[in-house]
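Biologist: I should like to learn how to read the individual features of a model such as this one. Could we take them one at a time, with the general idea before each case?

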Amino acid sequence: MDRIRIRGGAPLRGKIAIGGAKNAALPLMVASLLTEGTLRLSNVPDLVDIKTMLDILVAHGAHAEVAPDGTASGGRTISMRADNITSTTAEYDLVRKMRASVLVLGPLVARFGEAKVSLPGGCAIGTRPVNLHLAGMQALGAEIVIEDGYIHAKAPKGLKGGIVRFPTVSVGATEDLLMAATLAKGETVLENAACEPEIVDLAKLLIAMGADIEGAGSSRIVVRGKAKLNGTQHKVVADRIEAGTYAIAAAITGGALEITGAGVELMGAVVESLVNAGVDVALARDSMKVSANGAVHAVDVSTAPFPGFPTDMQAQMMALMTVAQGAAVITETIFENRFMHVPELARMGADITVKGNTAIVRGVKALKGAPVMATDLRASVSLVLAGLCAQGETVVSRVYHLDRGYQSVDKKLAACGADIERVPG
Ligand code: UD1
């Protein structure tokens, strides 16, 4: 297994191009199951999770072609065509690799009247049930039976529009039901829907495919079902989490980075926290300059659904707070077990006390390099960030977590002056 070796201390300077959002691209790819037309997505990041989603779609019988799209971030264009679906089963071996695979449920039942999708199981950051997806599908008339670890869903006469009120905000369940509702008969109302930019991007694509959707980006989405959708082309929205991660890389090293191709209007809560911490952030239309000349101050952060501070930025912010002046309180409200990076940061000299879903981070003068490993994507990148400012050498193992969500992270950082290399294992 590959590792990443970092010798910390170099302030980063230069430009980093941000790619398309993994969390947008995954549901956009699944939307190809809603039509027999060709769906062409550009600005798709080259990541392991994208490859896993392609494997899932191909296993259903879809055709897919991948080519470089010529963007500065090294994105891809993916053309998908689901005109000859041969299987409506999503096997455990593929679904267990990535929870987002469960998103095929809604589109398959909506178009083919049935689906058999493996339950994804837990993951490092919590139990992560799929009950909201199932209750939503039942509200649209699907019959659901759980047997042998699989969700068996049926709607032989097609789905029917209905009211789906989510008891908690779920990005995945909102996406699943939004896709399903586009082919259901009549009107569907999604209440307490997630408002994330990735949902807005999905709605834009679905509308271009012929769907009738109002309110995406608000907590109430109304969908009037259509008998058929068509193929189209679409450019994946920028990855606000990748952009936020590199903003923290600039701040934690006391450097200056220009982050390009980033949807800065989507980054309000992260930018606000950085500014409150004393980091200089200059926003332009689709780029931002982030620099930190003086000390970074402690700021409290509590994760929340969009437009709140994203849970996917919590570990990176914590890394920054380990070397800030003062004490920061970081509260995780979305997932019950998302502090897996804490013991690893502590091995690098961080002073963190965890009580329930709250971490108190007391800034130290400097972190010290150490061998570390992490159990999920954002936790792994927080260790890379810590390594960039730590004294001496940090070796981050289990790099496959990073490969799920950060394209060429080592190369992008090295090009801006980081002493970082990938060591094949
Ligand atoms: C998505 C993102 C992930 C991000 C998360 C929250 C993708 C591919 N992944 O994950 O990076 O961290 O949103 O912003 O887009 N829940 C239930 N029942 C369900 C579904 C969810 O109880 O049926 C709970 C979850 O356990 C969690 C909360 O709802 O506590 C939010 O999860 P959700 O928004 O669904 O996360 P994902 O869509 O899986």
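Modeller: Let us begin with a helix cap. In this model, which is predicted, Asp376 caps the N-terminal end of H12, with a side-chain oxygen 3.0 Å from the backbone nitrogen of Arg378.

Biologist: Is helix H12 buried or exposed?

Modeller: The term buried applies to a residue with under 20% relative accessible area. For helix H12, residues 377–389, 13 of the 13 residues are buried, so the helix is largely enclosed by the rest of the structure.

Biologist: How should I read a single buried side chain in a helix, and what does Gln314 contact?

Modeller: One asks for its place, its accessibility and its partners. Gln314 belongs to helix H10, which spans residues 314–321. Its relative accessibility is 1%, so Gln314 counts as buried. The side chain of Gln314 makes a polar contact of 3.0 Å with the side chain of Glu332.

Biologist: Let us turn to the ligand. Which residues come nearest to it?

Modeller: There are 17 residues around the ligand, and those that come nearest are Asn131, Ser170, Val171, Asp312 and Ile334. By class, this shell contains 8 nonpolar, 6 polar and 3 charged residues.

Biologist: Which helices supply at least two residues of that shell?

Modeller: Helix H5 (131–139) and helix H6 (171–182) each do so. H5 gives the most, with 3 residues. As a general aid to reading helices, an α-helix has 3.6 residues a turn, so residues three or four places apart point the same way.

Biologist: Which polar atoms of the protein lie close to oxygen atoms of the ligand?

Modeller: Here one separates side-chain from backbone atoms. An N or O atom in the side chain of Ser170 is 2.6 Å from an oxygen atom of the ligand. From the backbone, an N or O atom of Val171 lies 2.7 Å from a ligand oxygen, and a polar backbone atom of Pro129 is 3.2 Å from a ligand oxygen. As for enclosure, the ligand taken alone exposes 740 Å², of which the protein buries 83%.

Biologist: How do I read backbone angles that stand apart from the usual pattern?

Modeller: Most residues other than glycine have a negative phi, and most peptide bonds are trans. In this model, Asn43 has a positive phi, near 60 degrees. Asn43 lies in strand S3, residues 38–44, and counts as buried at 8% relative accessibility. Asn192 also has a positive phi, near 60 degrees. Asn192 is in the loop between strand S11 (187–191) and helix H7 (197–208), and at 22% relative accessibility it counts as partly exposed.

Biologist: Where does Pro307 lie, and what is the peptide bond from Phe306 to Pro307?

Modeller: Pro307 is in the loop between strand S18 (301–302) and H10. The bond from Phe306 to Pro307 is cis, with omega near 10 degrees.

Biologist: What of the aromatic rings: how many aromatic pairs does the structure hold?

Modeller: The structure holds 0 aromatic pairs. A ring may still be read against a charge: the charged end of Lys116 sits over the ring of Tyr150, 4.8 Å from its centre.

Biologist: Finally, how far apart are the C-alpha atoms of Pro424 and Asp2?

Modeller: Sequence separation and spatial separation are read independently. Pro424 and Asp2 are 422 residues apart along the chain, yet their C-alpha atoms are separated by 4.4 Å. Pro424 lies in the segment after strand S24 (419–423) and is exposed, with a relative accessible area of 66%.

Technical notes:
Residues numbered from 1 in each chain as written. Predicted model: local features only at pLDDT ≥ 70, side-chain atom pairs only at ≥ 80, totals over all residues. Heavy atoms only, no water. Near = heavy atom within 4 Å. Polar contact = N/O pair within 3.5 Å; in protein donor to acceptor, adjacent residues only side chain to side chain. Areas by Shrake-Rupley, 256 points an atom, 1.4 Å probe, with all protein chains shown as cover. Helix = DSSP H or I, 4+ residues; strand = E, 2+ residues; numbered from the N terminus. Nonpolar A, V, L, I, M, F, W, Y, C, P; charged D, E, K, R; others polar. Phe/Tyr/Trp six-rings, centres within 6.5 Å; stacked < 30°, edge-to-face > 60°. Lys NZ or Arg CZ within 6 Å of the ring centre and 35° of its normal. Buried < 20%, exposed > 50% of the residue type's maximum accessible area, 1.4 Å probe, protein only.
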